[in-house]
There are 2 protein chains.
Amino acid sequence: MSELTERQKDILGIIVGSYVKTICPVGSRAIAKSYRQELSPATVRNEMHDLEEEGYIKQPHTSAGRVPTDRGYRYFVDHLIAKEKLGPHVAALVAREYREHMDNIETLIERTSKILSTLSEQAGLVVFPAFEGLVLKRIELTLLGNDRLLVVWVTENGFVQDRIIDMKEEIPGEELIRMNQFLNEELRGMLLAEVKSYVLSKLAQAGDSLRVLYRTALDIIRDGFPKVEQRRLALEGSRYILEQPEFHDWQKSRLLFKTLEARDSLMDLVQGNRDREGVQVRIGFEHHCEDIWDCSVVTTRYRVKDRTVGTLGILGPRRMEYGKVIPLVDFVGRRFGEVLEQWL
Amino acid sequence: MSELTERQKDILGIIVGSYVKTICPVGSRAIAKSYRQELSPATVRNEMHDLEEEGYIKQPHTSAGRVPTDRGYRYFVDHLIAKEKLGPHVAALVAREYREHMDNIETLIERTSKILSTLSEQAGLVVFPAFEGLVLKRIELTLLGNDRLLVVWVTENGFVQDRIIDMKEEIPGEELIRMNQFLNEELRGMLLAEVKSYVLSKLAQAGDSLRVLYRTALDIIRDGFPKVEQRRLALEGSRYILEQPEFHDWQKSRLLFKTLEARDSLMDLVQGNRDREGVQVRIGFEHHCEDIWDCSVVTTRYRVKDRTVGTLGILGPRRMEYGKVIPLVDFVGRRFGEVLEQWL
DNA sequence: GATTAGCGCTCTAACACTTTGAGTGCTAAA
DNA sequence: TTTAGCACTCAAAGTGTTAGAGCGCTAATC
């Protein structure tokens, strides 16, 4: 709507840049000094007044300098940001981390979260891949005691999930082995999202002789499928947020950690708008988790075989170096997807 | 060494009790009032003076009341503590938690950690079972691509671990299947700690015809065995510590969370003295993790089939209600072991 | 019309000072 | 051995003052 003049943009940029670095409200004198042309503080003050009227900046109290509002940050991210190139050491570090002791997918995920956290000095987040988006390589049934069945699922890229189910009726050993073989033959190579409906349709078509087989198979798949709502999330480096001066306030940090422990809301927060491509930035009030309106999230989706299966990113105070963080999240998101695929 | 008189014990008990509840240094007047017999503050002061000389209590500053020292807490825990009986709701709550949606061992562990945390209002900790202490039920080899092998281990109680290894030379499909069968036949029912040495001894005895087979088996077991040093730890409710007034100080909470994120030192801290039976209490300086000398840990080992396989407990400020927490940890430790075994 | 210098005003942060109350230690008396 | 009483100490809370940063406004200047 309201267009900013070039000079206003410059000033907003300086305010954001300075505030992000120092956390001190930025005064007109300081801006005038760091402005490229000669300019008096008074002029700057006038411009600041206008910027404040438009809601890009505000004063914490009368006679203080200005700090960016959410709107200011948003404008900065959308129009003014100079995305910094990642240093060569970043790629090197990521490569090294991914080369060494990569024991399984879980380790990979946790390490990725740690990478994000260390490089951004914020909290790093990686949502575990959506199981339904992966391709089944193998399924193994193991009887525990007489009435419990352990179902182990292995996907093509080496992701392992397991679930224990109660059995209504006992199944004899040989029959279980046959069932296991049957499941593998029928389902191998199939997208996990489609497994259930596939068996369901087969059951509908099946003649009497196969009916029982499909029936049991369906039971096992239905009950033994890893729970969607229980999707995991790797969170590393939440301490970085605690170190930010704006969280020295005890009430704030208390609330923050309470929210971080409630994985559900955190998951919602991270997943954000599922349709959008590329790196997403949600600043302060823009997201709906009101307990952490003091925070921003920068996320991106990662893909395996051209299918989006998860989200990763970072969480930090609103006041963060978006210019650094955005390219980082973008880069790590791509690399992570690649590594996840490579194992296939 | 130094024996306390009955009255001194009473006074120490009152000081600990009151301080734990209120966090305020306890003065002589307050003690005199809550003492069972009539007693003047002056007398109490004399006793307090002696207690201070012996190192059981101290003054934060001149003209303040007294607070317990580590030694005071230790004496309290060893001699004065009145272990509270667990309310019936505790057993009920635990039973309910364990009945519902217990999807797999991981969920069980995380839920147990949460139970500990919720009921104690401290941070709850559960170290994942030591893989070596469990009994092998099944092992599955899956080829990922051409040169990576996924090894999935299943223990008798349904604990699943996996690890991806690089293969020096390709193994053809049929051979892998034979190897898989061979491993299962040889190793099923064996304690995982003994697996490696067993195959090693077999290799030594083996004639030329079987040599290659055992050689390959050994490679797979050696490389594919889950890493010991990477043992996981479920930590829930660290926010409760943040809520304690003594951690309103930003420096302290900062340090605490830094330490909590370094899982290695946390693991050392929790495991404590491996030889001792029953509930262990380590107060402040008694443990060796100096970053959290403001905290105490209450832990117990849990067992599967009479074999100690892990530790669980709670972590909180020194000032905690030991009388409540110790029975809780004891109870949950037993129940957890039982449930873990039941799945066998 | 845009820019600037200058002035008065406001508000915070820091510091010094005082007061209050809790709590102690010590001594002398019971 | 216990107690009453008094002097003393210290932290916490409140008060007042000052210095400085920064603003808005107005009038002068470019």
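This note goes through the chain pairing, the two DNA strands and one arginine in a predicted model.

1. Relation of the two protein chains. Superposing chain B on chain A takes a turn of 180° and a shift of 0.0 Å along the axis, and leaves an RMSD of 0.1 Å. This is how a two-fold axis relates two copies. Within chain B, B:Trp250 has the C-alpha nearest the axis, at 3.8 Å. Both copies use the same surface, since 100% of the contact residues of chain B recur in chain A.

2. Extent of the protein interface. The size of an interface is often given as the accessible area lost when the parts come together. For chain B and chain A, that area is about 4,100 Å², with 50% of it on carbon and sulfur atoms. Chain B contributes 48 residues to the contact, and chain A contributes 48 residues. Of the area that chain B buries against chain A, 16% comes from B:Asp103, B:Trp250 and B:Glu261, more than from any other three residues. B:Trp250 is thus named twice: as one of these three residues, and as the residue of chain B whose C-alpha is nearest the axis.

3. Surroundings of DNA strand C. There are 20 residues around this strand, and those that come nearest are A:Arg7, A:Thr43, A:Ser63, B:Ser28 and B:Arg66. By class, the surface near DNA strand C has four nonpolar, twelve polar and four charged residues. Helix H3 (41-54) of chain A and helix H3 (41-53) of chain B each supply at least two residues of that surface. H3(A) gives the largest share, four residues.

4. Atoms of DNA strand C that meet the protein. Sugar or phosphate holds 74% of the strand's atoms within 4 Å of the protein, and the rest belong to bases. Each of these parts can be illustrated by a pair of polar atoms. For phosphate, an oxygen lies 3.1 Å from a polar side-chain atom of B:Arg66. For sugar or linking oxygens, one is 3.5 Å from a polar backbone atom of B:Ala64. For the bases, an oxygen is 3.0 Å from an N or O atom in the side chain of A:Ser63.

5. Surroundings of DNA strand D. Here the nearest of the 20 residues around the strand are A:Ser28, A:Arg66, B:Thr43, B:Thr62 and B:Ser63. Of the atoms of DNA strand D that come within 4 Å of the protein, 77% are accounted for by sugar and phosphate. The surface near this strand divides into four nonpolar, twelve polar and four charged residues. H3 of chain A and H3 of chain B each supply at least two residues, and the largest share, four residues, comes from H3(B).

6. Polar atom pairs at DNA strand D. A phosphate oxygen is 2.9 Å from an N or O atom in the side chain of A:Arg66. At B:Ser40 the protein partner is a backbone N or O atom, 3.3 Å from a phosphate oxygen. The side chain of B:Ser63 has an N or O atom 3.1 Å from a base oxygen.

7. A buried arginine. A:Arg319 sits in the loop between strand E10 (307-317) and helix H13 (322-342) of chain A. Is A:Arg319 buried or exposed? A:Arg319 is buried, because its relative accessible area is 8%, under the 20% limit. Its side chain has a polar contact of 2.8 Å with the side chain of A:Glu246, and reaches the backbone oxygen of A:Val20 at 2.7 Å. Beyond residues up to four places away in sequence, A:Arg319 touches A:Tyr19, A:Val20, A:Ile23, A:Tyr73, A:Gln244, A:Pro245 and A:Glu246.

Key. Residues are numbered from 1 along each chain as its sequence is written. Chains are lettered from A and ligands numbered from 1 in the order in which they are written. This is a predicted model: local features need pLDDT of at least 70, side-chain atom pairs count only at pLDDT 80 or more; totals for chains, interfaces and linings use all residues. Side-chain values use heavy atoms; hydrogens and water are left out. Buried means under 20% relative accessible area, exposed over 50%, partly exposed in between (1.4 Å probe, protein chains only). A polar contact is a pair of N or O atoms within 3.5 Å; within protein, one must be able to donate a hydrogen and the other to accept it, and residues adjacent in sequence count only if both atoms are side-chain atoms. Contact means heavy atoms within 4.5 Å. A residue is near a molecule or strand if one of its heavy atoms lies within 4 Å of it. Ala, Val, Leu, Ile, Met, Phe, Trp, Tyr, Cys and Pro count as nonpolar, Asp, Glu, Lys and Arg as charged, and the others, Gly among them, as polar. Copies are superposed by least squares on the C-alpha atoms of residues with pLDDT of at least 70 in both. Buried area is the accessible area (1.4 Å probe) that two parts lose on being put together, summed over both.
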